[in-house]
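Here's a quick walk through this model for anyone about to open it in a viewer. We'll start with one of the ligands and work outwards to the domains.

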Amino acid sequence: PAARVRGMATSIFTEMTELARATGAVNLGQGVPELASPPALLRDVADAVLAGHNQYPPAVGLPALREAVAAHQRRLYGLAYDPAAEVLVTTGATEALAAALLALCDPGDEVVAFDPCYDAYAADARLAGATLVGVPLVPDGDGFALDADALRAAVTPRTRVLLLNTPHNPTGKVFTRAELAAVAEVSAEHGLTVVTDEVYEHLVYADEPHLPIAALPGMRQRTLVVSSAGKTFNTTGWKVGWVCGPAPLVTAVNAAKQFLTYASGTPYQAALARALDGVEQWAAGLRAELRANRDVLTEGLRAAGLRPFRADAGYFVQADVRPAGYHDGTAFCRDLPGRVGVVAIPTAAFRTAQGPDWLVRFSFCKRPEALADAVERLARLAG
Ligand code: PMP
Ligand code: GLN
């Protein structure tokens, strides 16, 4: 195989989901939601399929969805995008991120991201011939904080992109306004493009709602906002995402995107356009369910003798496994299915830089019964 894929192992999500299947363990590894989708959305997709909307949509996405995305950004965040030139529909956030890095990076360039980070980031940089440079998020009380000096130190003349993810996977961190301002300042100082992955934008459980960095002064012009319908509507299998930004940047992303997939999921796009228009009400209910799950899991991890961190958003709680006698999260995750019948993912799988090896990520986007079962199993660690 070519150097760009040589040594790329099977994704940790695939590996852990297979392990759960093989051992009959409860899968708190991969963030696959088990919660319901809006019934009207499901009906709309079925209707669209049966009505024959089954051929290629326009490569940039159905106009109705691009308009709904633009309206969403304006309504929630006061960000104005021209749906015809500044919104591009993609095959999930995954394709948007890959196409963005392919569009922005030349071989030898560097992409700065906060570590730990979603595993696709380093792979996408590598596919573009670039290198991912990780800036560690530092444990700070029961959360994680940005080290602005470390961010500054990581930027070199080869840096092209600052890749941000808020709300953050795997920590559950929501970047504060001050942290976003620091990221914005560094990007402006060095003329960097910010690519911001906001797939968990509707899943914030803390008091402050999601704040996109593009909404900070001067940032819209240098930012590509990436999001997706997967987490918002519990439809991760549909793979419909989008990217918003100034026209020249979006045009560059589309140059790559059109030769990766050309287009994506016609019947899903039509249905999602309608669902996005009413997303606020839907998301409030989903957040309530997920917040309750987060509390059950956090308590369960504590009762199991681990030290959970605070998850303000998203699908995951991280825990320090040292109180259970492990120094290494990977060893803990290897033992966990056999010891108690639960699968989790070592945070080490999300690392590109030095950082604590004793963190493990547990997912809570599960049916309450499955979560209760997992918590009961985890309790055996303590007893
Ligand atoms: N970014 C992050 C941070 C994620 O957690 C995920 C979840 N799989 C993705 C991107 C991928 O999103 P999608 O399924 O829309 O491709
Ligand atoms: N985003 C999910 C996670 O972090 C799943 C990603 C995937 O399966 N590629 O677990």
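Start with the shell around ligand 2, whose residues split into 1 nonpolar, 4 polar and no charged. The residues in question are S11, F13, Q30, G31 and N169. Keep in mind that you're looking at a predicted model. As for confidence, the mean pLDDT of the protein chain comes out at 96, with 100% of its residues at 70 or more. The scores for the model are ipTM 0.97 and pTM 0.97.

Now for ligand 1. Here 14 residues make up the surroundings, and G92, A93, T94, N169 and S228 are the closest of them. You've met N169 already, since ligand 2 has N169 in its surroundings too. Which helix gives the most to the shell around ligand 1? That's α4, running over residues 92–104, which puts in 3 residues. Sorted by class, the ligand 1 shell holds 3 nonpolar, 9 polar and 2 charged residues.

Step back and the chain falls into two parts: domain 1 takes 12–37 plus 281–382, while domain 2 takes 39–279. Their C-alpha centres sit 25 Å apart. Where the two meet, 32 residues of domain 1 are in contact with 34 residues of domain 2. On the domain 1 side, at least two residues each come from α10 (279–303) and β12 (316–320). The biggest giver on that side is α10, with 7 residues. The domain 1 side that touches domain 2 has 17 nonpolar, 8 polar and 7 charged residues.

One helix pair is worth a look as well. How do α2 (residues 39–50) and α9 (residues 266–277) cross? Their axes come within 8 Å and cross at roughly 145°, and the crossing of α2 past α9 is right-handed. From α2, the contact uses L41, D44, V45, A48 and V49, and from α9 it uses P267, Y268, A270, A271, R274 and A275. By class that gives 9 nonpolar, no polar and 2 charged residues.

Here are the class counts for the places we've visited, side by side.

| Place | Nonpolar | Polar | Charged |
|---|---|---|---|
| Shell around ligand 1 | 3 residues | 9 residues | 2 residues |
| Shell around ligand 2 | 1 residue | 4 residues | no residues |
| Side of domain 1 that touches domain 2 | 17 residues | 8 residues | 7 residues |
| Contact of α2 with α9 | 9 residues | no residues | 2 residues |

Notes. Residues are numbered from 1 along each chain as its sequence is written. Chains are lettered from A and ligands numbered from 1 in the order in which they are written. This is a predicted model: local features need pLDDT of at least 70, side-chain atom pairs count only at pLDDT 80 or more; totals for chains, interfaces and linings use all residues. A residue is near a molecule or strand if its C-beta atom, placed from the backbone, lies within 6 Å of it. Helices (H or I, at least four residues) and strands (E, at least two) are DSSP runs, numbered from the N terminus. Ala, Val, Leu, Ile, Met, Phe, Trp, Tyr, Cys and Pro count as nonpolar, Asp, Glu, Lys and Arg as charged, and the others, Gly among them, as polar. Domain bounds come from an automatic or database domain assignment. Two residues are in contact if their C-beta atoms, placed from the backbone, lie within 7 Å. pLDDT is the predictor's confidence in each residue, from 0 to 100. Axes are lines fitted to C-alpha atoms, for helices over the stretch in contact, and angles run from 0 to 180 degrees between N-to-C directions. A crossing is left-handed if the near helix is turned anticlockwise from the far one by less than a right angle, and right-handed if clockwise.
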